[in-house]
Each structure stands twice: as C-alpha cells, then as structure tokens.
Amino acid sequence: MSGTMGDVILRAEGINKDFGGVLVLKDVSLDVRRGEILGIIGENGAGKSTLMKIMSGIYQPTSGKVLMEGKSVRIDTAIDARRLGISLVPQEFNLIRDLPVYNNVFLGSELRTRLGLLDKEAMKARTRELLAELNVTIDPEARIERMSAAEKQMVEICKSLAFEASVLIMDEPTTMLTTYEIDILFGLVRKLRERGMTIIYISHKLKEVKALCDRVAILRDGVLVHESPIADISVLEMAQRMVGRELGSIFPAKHEPGEDVVFEARGVTVPGLVEDISFTLRKGEILGLAGLVGAGRTEVAETILGLRKKSAGEFLKNGVVLALDEPADAVASGISYLSEDRQGAGIVTGFTVTENITLVSLANYCRSLLRLIDKGGERKKVQGYVDSFRIKTESLDKRLENLSGGNQQKVSLAKSIDTEPDILIVDEPTRGVDVSAKHEIYLFINDLAKKGISCLFISSELEEVIGMCNRVLVMRDGKIAATLEGRDINEEDIMFNATGAREEFAS
Ligand SMILES: Nc1ncnc2c1ncn2[C@@H]1O[C@H](COP(=O)(O)OP(=O)(O)O)[C@@H](O)[C@H]1O
Ligand SMILES: [Mg+2]
C-alpha cells in the first residue's frame, strides 16, 4: 500500500460525454480519494454508469480527462484500465456462462506455464485462494450458468482482486441481492477498504449509501451537483439534491376515507402461514400491511387471490361472502393485485406496453358479438395511461424489456387498474424504482383512493407506509400484532410491533 488515506488517487476533470448529440455528462470533475468508499448517487439516467465506464476505459469522453495518481492517462480499453489498477463490476455482469469460475477470473490475462500453455492448475489454485479471502464457498470449477446473482457478483469481485485492482467500481451492486446478501456484500466492501482498496459505489438507494460510504457525490442530469463527506448530508437532503426539488412533498396529502366497509377479512387462517386474520377496508382507504419479511403479508394477499387455500375464515365484499378460489375470481369480484415480483407474475418483458396493460382486461376491448379486439379503443386507453402516468417509452409498441424499472412498474400499475377494480392490492409497489417514479406512483395510488378505490398497501419501506396509509396493520409471525392509526403510525411503533422487541430498535 502506498500513499496516505485521503490523497487523490483518481480524478475526472471537466468530463463531457455526448451520445448522438445528447450531452449526458456536462463538465464533470470529481476526486476519488485513496482508501475511501465514495458513493455516487443519482436518478436513473443521471449519467452514473456512463461516468464510470469512462473511468474504466469502456467509453471515451468527448472532452475532458482522467488522471490517475496525478498523471493524465488514456484509458482506451478495459485492459488499459486493468493495467492502471481500475476495475469495474458492471451493472450487467460480464461473465461467460458456460466457462468455469477460474476461467472467468483470469479471462484475458490467463496464467501460463513456462512453455506458454494455459496453467489451469495455477489459475484454479489462485481462484480458490481469492474466494477464500472473500469468505465465499464457491467452487473454482463451477460453471457460471448455475449461479445466483450474488455468486456471480462475488466472481466479478474475485476478478478484480486477481489483478490487484487498487480502485474497484461497483455499479448498482445490490439491485439483484436479498437483504442477507447485501449485509455480506457490505461487510466485504468494508474489508476491502481496510486493505487499502478504494471503492466507488454507485447506487440510487440512499440509505445504503448513507450506511456504507465515507463521501458522496450526486449526479443530476449529467451535472455533478454535490460532493461532501457522508456525515454532512442527510438522506432527505440527498434525495432533494438528486431530483432537484423540495421533497417534503414526496407523499401527497392523505385523503380521508369514507365510512363504508368495502372489504373484510374474518378469522382467515392458512396453516403455517397466516393465523386468524381479521380486518376491514373502507371505501377510498389506503390500509397498510407492514411487517418484516416472512411475517405473512404477501401470503394474506395471495390468499385473497385464491393462490393459497385457507382452512378457516372468509372474505367479504360489501357484506357478501366471496368465493375466491383462483385469481380470475378476484378479478371478477373487482379485486386487482400488483405483485411484488414484477418480473415473475406482474408483467411480460417480451410483450409490448399495450399488450401488458391489457393482458388481463382484454375482454373489455372485445366488441361483443364478433369478439374482435377494438384496437383503437385499446390504444386510446393505453395512451391515456402513458400520458397521465408519464410512462417514458418511445411508443406503445415498445417491448417492456426496453423500459427502465420505474417505467415497468408504472405499466404494471396501469395493468392492475385496467380491470377497473374497486379494491387494489399493491405489494412492494416502489421496489427498485427511482425517487421521481416513486413520487408519481404515490400520487397515482392516492388519486385512486380519492376516486373511492380502496387499497391494501403492502410494503417493507417504513417511510412509504407512514407517508401513504390511513391505517396500518402490523404483522408478526402470521398474525396481526397491531392496528395503528393517526399519530401511532410511526417508525417506532411499527418496528416494535413487527419485531416484538422495543429495546432492539431503541438502541
Ligand atoms: N451507449 C449509449 N448510447 C446512447 N445513449 C446512452 C448510452 N449509454 C447511456 N446513454 C444515455 O445516457 C444517459 C445516462 O445514462 P446512464 O449513465 O446509464 O445513467 P445511470 O447509470 O445514472 O442510470 C441516459 O439518458 C442514457 O439513455
Ligand atoms: Mg446505471
């Protein structure tokens, strides 16, 4: 290790980047200090990945320069970057699926014997050592195709260690990881910093950046708008600088629901998952369902949809017991569900925007006798959603895989209300979407409530439960531990009831 912590190891100076006439980075200058974890945050499209690709030789800047250890360097290729000790763990992993781990680790800089032959044994042994240092149990001979996202990421990090990178850039590393895997990753990143590595950590998850990073830089529309020690800026301020507006207003004013009970659960039990759940949902109410992962929130929704069989209890709509044996029954009863797993059950990424929105509701567009689809009517309705929801897409015929996460989520929501439900169940409605898309989703759900649609709002994000809901059911171990209203809807009361342990949270 050379130098002292805090001197500048890598610097971007006056970087501009033009893509076909669009300036996506505007005069960006940024210092990266030796041995720090530098967070780079910004909304989707702010230019984070582009800046990092320039620093790692994948793109060339239109103008401006990169300095390593104070010297201006040309980084024409990823190999140049590697020689300089800069390594990027990209947002989309760069691994060859049908090669084993060790081949991937040494790809492009294979170890060879004195005769110039590939030294497989040396590569396997070195890979094994590196994986052990990372504390992960991955077989160097395992193939990439069978691995989880977390394992693939470890292989990418292992690659960076193999050529002794001094600067490690991680682009949105937690998008595909579970909470448990994120903890492991954070531990590892801190360990790498202790060893003197410099880490650039790209994210749009502000709390992660707050928890992990030493300093933070904020990009907005290609402009570097802020750079400071992490201690000098709160999560709220970060969000405000990121979107460039005051954010007290991210949640719309709560709307007072009606008195009528529209939907009711009475003593619903699903063995092993949900126990004796009862609650009421009023007209135009947003009812939160909070709790830790595994508390049974999603299972309640799945039971309403008929995806899980209850052994006792019943659901009622307007006082009448419903027969809900399969999802089609729920749709027919005016209940719509926005799944937590957008990719799995919500949308079809290979279908177009239009096809997705009208997937379940297509029958509404059939002219009665001939069963022909009223294409004009369908497009008009879909265009209405695209406009009112500000779904960013080049056309209605664009396939969903080409849209950003936030825009995909807006399509899912449009789809779930296109069946004209009076009860909407949303499960983690803003997972993986950026701050401004979140804001639009909140406005949208609140508008539905104003129109009298009732919403069961399932979320792990406390601030959105607090910001959006009229009442909150807190679940713990399959049961409702508390129903909170008014001032009792706060972080401490929710966590206390979700965990059953006040001390844990107070400390
Ligand atoms: N190869 C490319 N060609 C054209 N435009 C691009 C390319 N890569 C990124 N962009 C555009 O540059 C802007 C910044 O993108 P990106 O750096 O990926 O943002 P972020 O990583 O902050 O989400 C976006 O508007 C994006 O569409
Ligand atoms: Mg990116």
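Is E141 buried, partly exposed or exposed? E141 counts as partly exposed, at 43% relative accessibility; buried means under 20% relative accessible area, exposed over 50%, and partly exposed in between, with a 1.4 Å probe and protein chains only. This is a predicted model, in which local features need pLDDT of at least 70 and side-chain atom pairs count only at pLDDT 80 or more, while totals for chains, interfaces and linings use all residues. Residues are numbered from 1 along each chain as its sequence is written, chains are lettered from A and ligands numbered from 1 in the order in which they are written, and side-chain values use heavy atoms, with hydrogens and water left out.

**Salt bridges**

Side chains of opposite charge can pair when their charged atoms come close. The structure holds 36 salt bridges, each defined as a side-chain nitrogen of Lys or Arg within 4 Å of a carboxyl oxygen of Asp or Glu. Among them are the following pairs.

| Pair | N to O distance | Accessibility of the acid | Accessibility of the lysine |
|---|---|---|---|
| E141 and K124 | 3.7 Å | E141, 43% | K124, 11% |
| E420 and K381 | 3.7 Å | E420, 60% | K381, 31% |
| E461 and K438 | 3.1 Å | E461, 24% | K438, 14% |

The side chain of E141 meets that of K124 in a salt bridge. E141 sits in the loop between helix 4 (120–133) and helix 5 (149–162) and K124 in helix 4, so the pair ties together parts that are 17 residues apart in sequence. Helices (H or I, at least four residues) and strands (E, at least two) are DSSP runs, numbered from the N terminus. K124 is buried.

K381 forms a salt bridge with E420. Because K381 belongs to helix 13 (residues 375–388) and E420 to the loop between helix 14 (405–417) and strand 19 (423–427), this pair ties together parts that are 39 residues apart in sequence. K381 is partly exposed, whereas E420 counts as exposed.

E461 forms a salt bridge with K438. With E461 in the loop between strand 20 (454–458) and helix 16 (462–468) and K438 in helix 15, the pair ties together parts that are 23 residues apart in sequence. E461 is partly exposed and K438 is buried.

Salt bridges also link R11, E13, D31 and K65 in a network.

**Aromatic rings**

Five aromatic pairs are found in a search of the whole structure. Rings of Phe, Tyr and Trp (its six-membered ring) pair if their centres lie within 6.5 Å; planes under 30 degrees apart count as stacked, over 60 as edge-to-face and the rest as tilted. One of the pairs, F251 with Y442, is tilted, at 4.7 Å centre to centre and 35° between the planes. This pair links distant parts of the chain, 191 residues apart: F251 is in the loop between helix 8 (235–243) and strand 11 (261–270), and Y442 is in helix 15 (residues 435–450). F251 is partly exposed at 21% relative accessible area, while Y442 is buried at 3%.

F263 and F279 form another tilted pair, 6.3 Å centre to centre with 40° between the planes. F263 lies in strand 11 and F279 in strand 12 (residues 274–282), so parts 16 residues apart in sequence are tied together. Both F263 and F279 are buried. Ring pairs join F263, F279 and F315 into a cluster.

**A residue of helix 15**

A437 is found in helix 15 and is buried, with a relative accessible area of 6%. Not counting residues up to four places away in sequence, A437 touches G406 and K410, contact meaning heavy atoms within 4.5 Å.
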